[in-house]
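Subject: Handover of a structure for your review

Dear colleague,

Please find below the structure that I am passing on to you. My account of what was found in it follows directly after.

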Amino acid sequence: NGPSAPQPGAAGAAQQQQHQLIINAQYIKDLSFENPHAPQSLRQQTARTWERAFELSPLKPEDLDRIPFPLLVPNCPVTFMEHKRCVVHIARRSAEAMREFLGRALPIDLDTVIAGAILADVGKLLEYENVEGRTRQSQRGEYLRHPFTGVALAMECGVPDRVCHIIAAHAAEGDLVKRSVEATIVHHADFMSYLPFKNMKF
């Protein structure tokens, strides 16, 4: 018998899972033509931020299809990934409608909205951990909520400040700053997918 075909290593398999998790990045246009000297596109920076988060996280990619998206809602039936995908789609469609009806008076950068929506909760990979089969807030998460760790990850990966602003301002911490138009859209998209569950009884 000849040698068996090489099997993908753990790192390669994990990378494939990570790219599946950030599949919504397909909605981001390649912005490299706007700055011919930019080494990476916004799409690549967004993907790299998720990859970096997994490198530092105690969670595995498959955990995100299982863990609840808010630890603040006991017994919440919605997973992290279901919430994330919903927020991306709400933000994208809202931005498109606003551009259609208000675009003459209100410029909106759709790529910034989408990248911000994809990255808004990336910091939760450093805020959460699994212990004995249960998801809880990590010690790091007790000191730094996900808007802070999310911005740190994104800045390390070269994500533009306009997108980092969305990560920083999408949650309650953003009530203390003046949100950009794009950050306002993502903020409301996030809470549209959160508040109904917060107010339910399970």
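A salt bridge is taken here as a side-chain nitrogen of Lys or Arg lying within 4 Å of a carboxyl oxygen of Asp or Glu. Please keep in mind that the model is a predicted one.

Salt bridges

By this rule, the structure holds nine salt bridges. One of them joins the side chains of Glu 173 and Arg 145, with an N to O distance of 2.6 Å. Glu 173 sits in the loop between helix H8 (161-169) and H9, while Arg 145 sits in the loop between helix H6 (139-143) and H7, so this pair ties together parts that are 28 residues apart in sequence. Glu 173 is partly exposed, at 23% relative accessibility, and Arg 145 is also partly exposed, with a relative accessible area of 30%.

A network is also present: salt bridges that share partners link Arg 48, Glu 51, Arg 52, Glu 55 and Glu 156.

Glu 129 pairs with Arg 136, and their closest N and O atoms are 2.8 Å apart. Buried means under 20% relative accessible area, so Glu 129 counts as buried with its value of 18%. Its partner Arg 136, in contrast, is partly exposed, with a relative accessible area of 44%.

Glu 96 and Arg 92 form a further salt bridge, in which the closest N and O atoms are 3.6 Å apart. The two residues are four apart in helix H3, which means that about one helical turn separates them. Glu 96 is partly exposed at 34% relative accessibility, and Arg 92 is partly exposed at 22%.

Pockets

The largest pocket has a volume of about 330 Å³. It is lined by 18 residues, of which Leu 72, Lys 124, Arg 145, His 146 and Tyr 194 are the closest to its centre. Arg 145 thus appears both here and in the salt bridge with Glu 173. Helix H5 (124-127) and helix H9 (181-192) are the elements that give two or more residues to this lining. Sorted by class, the lining consists of nine nonpolar, four polar and five charged residues.

The second largest pocket has a volume of about 240 Å³. Among the residues that line it are Arg 66, Pro 68, Pro 70, Leu 71, Asn 75, Cys 76 and Arg 134. Its lining is made up of six nonpolar, three polar and two charged residues.

Cavity

How many cavities of 30 Å³ or more does the structure hold? There is one, and the volume of the largest cavity is about 30 Å³. His 83, Lys 84, Val 87, Ala 117, Ala 120, Asp 121 and Asp 190 form its lining. Helix H3 (residues 80-102) supplies the largest share, three residues. By class, the lining of this cavity has three nonpolar, one polar and three charged residues. Helix H3 therefore enters this account in two places, through the cavity lining and through the pair of Glu 96 and Arg 92.

Surface

Tyr 143, Leu 144 and Phe 148 make a nonpolar surface patch of about 370 Å². Phe 148 belongs to helix H7 (residues 146-156). With a relative accessible area of 48%, Phe 148 is partly exposed. Residues in such a patch need over 30% relative accessible area, and Phe 148 has 48%.

With kind regards

Terms used. Residues are numbered from 1 along each chain as its sequence is written. This is a predicted model: local features need pLDDT of at least 70, side-chain atom pairs count only at pLDDT 80 or more; totals for chains, interfaces and linings use all residues. Side-chain values use heavy atoms; hydrogens and water are left out. On a 1 Å grid over the protein atoms alone, a cavity is a set of points where a 1.4 Å probe fits but cannot get out, and a pocket is an open set with protein on both sides within 12 Å along at least five of seven lines; lining residues have an atom within 4 Å of a point. Grid points are joined across faces, edges and corners, and a volume is the space filled by probe spheres set on the points. Ala, Val, Leu, Ile, Met, Phe, Trp, Tyr, Cys and Pro count as nonpolar, Asp, Glu, Lys and Arg as charged, and the others, Gly among them, as polar. Patches are made of residues with over 30% relative accessible area and no salt bridge: like charges are joined within 9 Å, nonpolar side chains (Val, Leu, Ile, Met, Phe, Trp, Tyr) within 5 Å. Accessible areas come from the Shrake-Rupley method with a 1.4 Å probe; for residues, only the protein chains shown count as cover. Buried means under 20% relative accessible area, exposed over 50%, partly exposed in between (1.4 Å probe, protein chains only).
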